[in-house]
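Visitor: Please take a close look at the aromatic rings in this structure. I would like to know how they are placed and what lies around them.

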Amino acid sequence: MPIKKFMLLISLGLSLFLMPKPASADLTADLNRPDQTIELRENLSFKHTNYDIKLDGEKVGYVTGDFFHPFGDTISIHDNSGKVIYSERQQRRRWSFSLVRQGSFYDKNHQFAGKMKAPFWQFFTKNYRLYDSNGKQIGKSTQNNWKNILHHTYDIKSGGQVVWQGRNSVHVVRDTVYLKHLHNSKVPAEQAIIVTLVHQAVSHADKKK
C-alpha cells in the first residue's frame with residue numbers, strides 16, 4: 001500500500017474517532033435510560049448557578065438555576081441547543097413565620113408536570129416530597145448528612161426503595177454531583193436532577209450562615 005494512501009487512512013480514522021457525537025434528538029429519553037449515572041458538573045458563574053449534564057463523559061445538556069431569587073427560584077434543564085426540556089419554579093409560602101419551599105414542574109411544552117414540596121417540620125435532615133401532575137406523591141428525596149463525613153448523599157425513594165441516589169464529590173472550586181439510577185419508578189430523571197440541585201443549593205447556603 002502506498003505511504004500516502006496509508007497516511008490518508010490513518011488521518012481519516014483519527015478524525016472519525018475524535019469527532020464529537022451528535023446531540024440526541026430526545027434528551028428526556030437519554031436521561032431516563034435505566035441503570036446509568038448522570039454527572040452534574042458545576043460551572044463557575046457570578047450571576048447564576050450552572051451545571052453541565054454529562055452521560056458517559058459527554059455533555060448532553062446543562063442546567064441553569066437562579067437560586068434564592070426574592071420571588072422564588074427558577075431552575076431549567078436545557079439540551080445542547082439551548083432548548084428547555086424541563087423546569088421548576090418556586091412558590092413562596094409562609095407558615096408559622098417560616099418559608100416553606102414549594103415548586104411546580106413544567107415539561108418541554110410548558111405544561112404542569114408535578115411539584116415538589118418541603119414538609120412544614122423538618123428535623124436534622126432536609127427532605128422534599130415529589131408529586132405527579134395529578135397531585136399524587138411519587139417519591140421523597142432526603143439529604144443524608146451523616147452517611148459520609150466527606151460528602152453529602154441524596155436518596156430519592158419511591159415505593160419503599162431508593163430509586164435514585166446522588167453523591168457530591170469534594171471540590172474546593174466547584175461541585176460535581178453523580179446521580180445514579182437504581183430502580184425504575186415514576187420519579188423522572190428531570191425531577192431527580194432538580195431536587196438534588198436544590199439540596200445542594202440549600203446546603204451551600206446553610207454553610208454560609
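**The aromatic pairs**

Guide: A search of the whole structure, which is a predicted model, turns up two aromatic pairs. One of them is formed by Tyr86 and Phe105, whose ring centres are 5.8 Å apart. The angle between the two planes is 40°, and the pair is tilted. A tilted pair is one that is neither stacked, with planes under 30 degrees apart, nor edge-to-face, with planes over 60 degrees apart.

Where do Tyr86 and Phe105 lie along the chain? Tyr86 is in strand S5, residues 84-95, and Phe105 is in strand S6, residues 98-107, so the pair ties together parts that are 19 residues apart in sequence. As for exposure, Tyr86 and Phe105 are both buried.

The rings of Tyr106 and Phe112 make a pair as well, with centres 6.4 Å apart. Their planes stand at 75°, so this pair is edge-to-face. The cut-off for that label is an angle of over 60 degrees.

Are Tyr106 and Phe112 buried or exposed? Tyr106 has a relative accessible area of 18% and is buried, because buried means under 20%. Phe112, at 39% relative accessibility, counts as partly exposed.

Tyr106 has a further neighbour to note. The charged end of Arg89 sits over the ring of Tyr106, at 4.7 Å from the ring centre. The ring of Tyr106 is thus described twice: it pairs with the ring of Phe112, and it has the charged end of Arg89 over it.

Another charge over a ring involves Lys115 and Tyr131. Here the charged end of Lys115 sits over the ring of Tyr131, and the distance to the ring centre is 5.2 Å.

Now for the setting of these rings. The protein has three helices and 12 strands. Strands S5 and S6, which hold Tyr86 and Phe105, are among those strands. Elsewhere in the protein, strand S12, residues 176-181, runs antiparallel to strand S1, residues 37-43, and five bridges join them. In this pairing, Thr37 stands opposite Lys180. Strand S12 also pairs with strand S11, residues 161-168, in the antiparallel sense over five bridges. Gly166 has Leu179 in S12 as its bridge partner.

For the protein as a whole, 43% of the 209 residues count as buried, and Tyr86 and Phe105 are among the buried ones. The accessible surface comes to about 12,800 Å², and 57% of that surface belongs to carbon and sulfur atoms.

Technical notes: Residues numbered from 1 in each chain as written. Predicted model: local features only at pLDDT ≥ 70, side-chain atom pairs only at ≥ 80, totals over all residues. Heavy atoms only, no water. Pairing = 2+ DSSP bridges. Helix = DSSP H or I, 4+ residues; strand = E, 2+ residues; numbered from the N terminus. Buried < 20%, exposed > 50% of the residue type's maximum accessible area, 1.4 Å probe, protein only. Areas by Shrake-Rupley, 256 points an atom, 1.4 Å probe, with all protein chains shown as cover. Phe/Tyr/Trp six-rings, centres within 6.5 Å; stacked < 30°, edge-to-face > 60°. Lys NZ or Arg CZ within 6 Å of the ring centre and 35° of its normal.
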